[in-house]
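The following exercises concern aromatic ring pairs and the lining of a pocket. Please work through each task before reading its solution.

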Amino acid sequence: MVMYVFLDISALVTTLVMIGKFGATCAYSIVYVYTTELYPTAVRHMGVGVNSMASRLAGIASPYVFYLGAYNELLPYILMGSCSVLAAILALFLPETFNIPLAETIDQMQKIKGFKCKKTHRMHNKSYRSGTTGENNAVVSKNENI
């Protein structure tokens, strides 16, 4: 959109493009640090790795979005802008991590405001029959001594 409005003023176009690139770089850095605070220690590296992989895949796919300009010249800008606005709105629902200790376990993470879990699938002190051998097995919770 910038290219259509300010085509004659190349210095202004360059300045606006650099501000946009700076904003995207800052947003990526903030998201990378924030995601490490969201995941509990038990799965932090795996979660950050999955997020990094997803961002790299999106980076690979993003140049192809501009081929949509063959159908409508504003369609790539509308798609990228709406994805950015949707991400910003969804980020408002993430929990605040300021002055909160990092969660060590998944149970601690579910107690943080914003991560409400209605039902946990835990088997504390229940016995079950194994499907392959038919023997009874007991499940013991972490806090219980054997």
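Tyr32 is partly exposed, at a relative accessible area of 41% (buried is under 20%, exposed over 50%, partly exposed in between, with a 1.4 Å probe and protein chains only). The model is predicted: local features need pLDDT of at least 70 and side-chain atom pairs pLDDT 80 or more, whereas totals for chains, interfaces and linings use all residues. Residues are numbered from 1 along each chain as its sequence is written, and side-chain values use heavy atoms, without hydrogens and water.

**Exercise 1.** Classify the pair formed by the rings of Phe66 and Tyr77.

*Solution.* Step one is the criterion: rings of Phe, Tyr and Trp (its six-membered ring) pair if their centres lie within 6.5 Å; planes under 30 degrees apart are stacked, over 60 edge-to-face and the rest tilted. Step two applies it: the centres of Phe66 and Tyr77 are 6.2 Å apart and the planes stand at 70 degrees, so the pair is edge-to-face. Step three concerns accessibility: Phe66 is partly exposed at 45%, and Tyr77 is partly exposed at 37%.

**Exercise 2.** Which residue classes make up the lining of the largest pocket?

*Solution.* First, sort the residues: Ala, Val, Leu, Ile, Met, Phe, Trp, Tyr, Cys and Pro are nonpolar, Asp, Glu, Lys and Arg charged, and the others, Gly among them, polar. Then read the result: the lining has 23 nonpolar, 10 polar and two charged residues. A pocket here is an open set of points on a 1 Å grid over the protein atoms alone, where a 1.4 Å probe fits, with protein on both sides within 12 Å along at least five of seven lines; lining residues have an atom within 4 Å of a point. Finally, α2 gives the most to this lining, with 13 residues (helices are DSSP runs of H or I, at least four residues, numbered from the N terminus).

Technical notes: Helix = DSSP H or I, 4+ residues; strand = E, 2+ residues; numbered from the N terminus.
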